[in-house]
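Work through the exercises below with the sequence and the model side by side. Each task is followed by a solution in steps.

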Amino acid sequence: MGFELEGLDIFERMLLQRVIREMPEKVERKLTELAFKYLAAVRPLTPWETGNLRNSIQVTEVKQIGDEFVIVVGTNVHYAAHVEYGHRIKRGTEYVGFVQGFHMFEIPLKQMEEWIDQDIKRWLQDIVEGRV
């Protein structure tokens with residue numbers, strides 16, 4: 001899962017591209033900050049019964065691949081997708097029900113999409129004004 005910035009005007013997009021090229025360390029710090037905000041929203045939505053899952057959700061280091069930066073908030077617990085999206089209940093050879101998913105990754109991502117453009121705009125303004 002991921003998202004794209006859609007609320008930036010042409011000037012802001014050009015400024016962001018310049019910051020990416022000329023100040024990658026600032027981009028890495030901002031992405032790390034955003035990833036930890038996302039993590040803080042994901043963990044409370046993760047069911048407590050799956051303490052192993054909740055504790056396994058981590059933030060990776062930022063990696064630059066070409067002109068893109070990638071940071072991952074996730075887990076390697078094999079049943080995470082079943083908790084996220086839900087799963088069928090099987091008894092013998094029959095499916096007898098469905099357990100709803102918690103959407104602990106999806107819900108915060110949608111919420112983040114609502115405010116991320118404004119956050120990036122403020123951050124770019126701070127860079128222009130020398131506050132970052």
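**Exercise 1.** Is I65 buried or exposed?

*Solution.* The model is predicted, and the values here are computed from it.
Step 1: I65 has a relative accessible area of 55%.
Step 2: Exposed means over 50%, so I65 is exposed.
Step 3: In the secondary structure, I65 belongs to strand β2 (residues 63–65).
Step 4: I65 also takes part in a nonpolar surface patch together with V70 and V72. The accessible area of these three residues together is about 240 Å².

**Exercise 2.** Find the salt-bridge partner of R18 and classify both residues by accessibility.

*Solution.*
Step 1: The partner of R18 is E22, with 3.1 Å between the closest N and O atoms. The cut-off for a salt bridge is 4 Å.
Step 2: Both residues sit in helix α1 (residues 10–22). They are 4 residues apart, about one turn of the helix.
Step 3: R18 has a relative accessible area of 46%, and E22 has 45%. Partly exposed lies between the limits of 20% and 50%, so R18 is partly exposed and E22 is partly exposed.

**Exercise 3.** Describe the salt bridge between E33 and K30, then place the pair in its wider network.

*Solution.*
Step 1: The closest N and O atoms of E33 and K30 are 3.1 Å apart.
Step 2: The two residues are 3 residues apart in helix α2 (residues 24–45), which means that about one helical turn separates E33 and K30.
Step 3: K30 has a relative accessible area of 7%. Buried means under 20%, so K30 is buried. E33, at 36%, is partly exposed.
Step 4: Salt bridges link K30 and E33 in a network with K37, D119 and R122.

**Exercise 4.** Which residue forms a salt bridge with R131, and how accessible are the two partners?

*Solution.*
Step 1: The side chain of R131 meets that of E129 in a salt bridge, at 2.2 Å from N to O.
Step 2: R131 has 54% relative accessibility and counts as exposed.
Step 3: E129 has 44% relative accessibility and counts as partly exposed.

**Exercise 5.** How many salt bridges does the model contain?

*Solution.*
Step 1: Apply the rule: a side-chain nitrogen of Lys or Arg lies within 4 Å of a carboxyl oxygen of Asp or Glu.
Step 2: The count by this rule is 8 salt bridges. Among them are R18 with E22, E33 with K30, and R131 with E129.

Conventions: Residues numbered from 1 in each chain as written. Predicted model: local features only at pLDDT ≥ 70, side-chain atom pairs only at ≥ 80, totals over all residues. Heavy atoms only, no water. Patch = residues over 30% accessible without salt bridge, like charges linked within 9 Å, V, L, I, M, F, W, Y side chains within 5 Å. Areas by Shrake-Rupley, 256 points an atom, 1.4 Å probe, with all protein chains shown as cover. Buried < 20%, exposed > 50% of the residue type's maximum accessible area, 1.4 Å probe, protein only.
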